[in-house]
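Colleague: I should like to learn how to read a structural model. May we go through the features in turn?

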Amino acid sequence: MISTKWNLNTHQSDFMIRAKNSIIAYLDSSFNKLSSTIDIDNNQLINANIEFVLDVNKKEGKLEHIDSNLNLKDFIDSNQYPFVTFKSISFEKINNDINFVKGNLTINNITKVVELDTKIASLESNNDSSKVILEIIGEINRSDFGLYSNSNQQLNGLLIGSNINITANLEFETNN
């Protein structure tokens, strides 16, 4: 197998925090640090090492929740703990369509090991360059990370659920 260096395009990568059918924050271009490598063979993901630091206070491309009065600041103390970090510790390939990356996720200065689904969402190649979009999806229990609302927020008369979905779309590029 020929090893290819894939560079992350942070301008085309994003991170989203979602709770019960609503976007709380879409953090675009919020990556302060990203050190990620992926290995692809025959258009299949065979390994992924992912590490990133997101700054929740960075203003570029940040879209707070628009459907209700919930905001990211209702969950994350962005003054005291403004960073969301993830560092993978293992990658497991079940088959061509099912892959998991396990790692340490830190939110509100609380670190837990989480397992996230990982897959190639898009793979494009031409004579000059190649591009792959890696989609990482998972669900976390918000109380595990101290993601409590500052007030008893409700959405359409229902309390926000105990789980929060996280999605990262990471675009990697290489020159052929």
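Modeller: The discussion below goes from the whole chain to its strands, then to single residues and the core.

Modeller: This is a predicted model, in which local features need pLDDT of at least 70 and side-chain atom pairs count only at pLDDT 80 or more, while totals for chains, interfaces and linings use all residues. Residues are numbered from 1 along each chain as its sequence is written, and side-chain values use heavy atoms, with hydrogens and water left out.

Colleague: How many helices and strands does the secondary structure of the chain come to?

Modeller: Helices (H or I, at least four residues) and strands (E, at least two) are DSSP runs, numbered from the N terminus. Here the chain has zero helices and 15 strands.

Colleague: What share of the residues counts as buried?

Modeller: Buried means under 20% relative accessible area, exposed over 50%, and partly exposed in between, with a 1.4 Å probe and protein chains only. By that rule, 40% of the 176 residues are buried. For areas, the Shrake-Rupley method is used with a 1.4 Å probe, and for residues only the protein chains shown count as cover. The chain exposes about 9500 Å², and carbon and sulfur atoms supply 42% of that area.

Colleague: Which contacts join residues 24 or more positions apart, and what percentage do they make up?

Modeller: A contact means heavy atoms within 4.5 Å. Among contacts in the chain with a separation of 6 or more, 59% are between residues 24 or more positions apart.

Colleague: Which strand is joined to β9, and in what sense do the two run?

Modeller: Two strands pair if DSSP finds at least two bridges between them. Strand β9 (residues 83-93) and strand β10 (residues 99-107) run antiparallel and are joined by eight bridges. They form a hairpin with five residues between them, and Ser 88 stands opposite Gly 103 in β10.

Colleague: Where does the pairing go after β10?

Modeller: Strand β10 pairs with strand β11 (residues 110-125), antiparallel and over eight bridges. Their hairpin has two residues between the strands, and Asn 108 takes a positive phi near 55° there. Next, β11 pairs with strand β12 (residues 129-141) in the antiparallel sense, again over eight bridges. That hairpin has three residues between its strands, and Lys 119 has Glu 135 in β12 as its bridge partner. Finally, 13 bridges join β12 to β15, and these two run antiparallel; Val 132 stands opposite Phe 172 in β15.

Colleague: Is Lys 102 buried or partly exposed, and why?

Modeller: In a regular strand the side chains alternate between the two faces of the sheet. Lys 102 lies in strand β10 and counts as partly exposed because its relative accessibility is 31%. Its bridge partner in β11 is Glu 115. Beyond four places in sequence, Lys 102 touches residues including Phe 86, Ser 88, Val 113 and Glu 115. Lys 102 and Ser 88 are 14 residues apart in sequence, with 5.6 Å between their C-alpha atoms.

Colleague: Which residues touch the most other members of the largest nonpolar core?

Modeller: A nonpolar core is a set of buried Ala, Val, Leu, Ile, Met, Phe, Trp, Tyr and Cys residues joined through side-chain atoms within 4.5 Å. The largest one has 31 residues, and Ile 38, Leu 105 and Ile 140 touch the most other members. Strand β15 (residues 163-175) gives the largest share of this core, five residues. Outside its neighbours within four places in sequence, Leu 105 has contacts including Val 84, Ile 140, Phe 145 and Ile 166.
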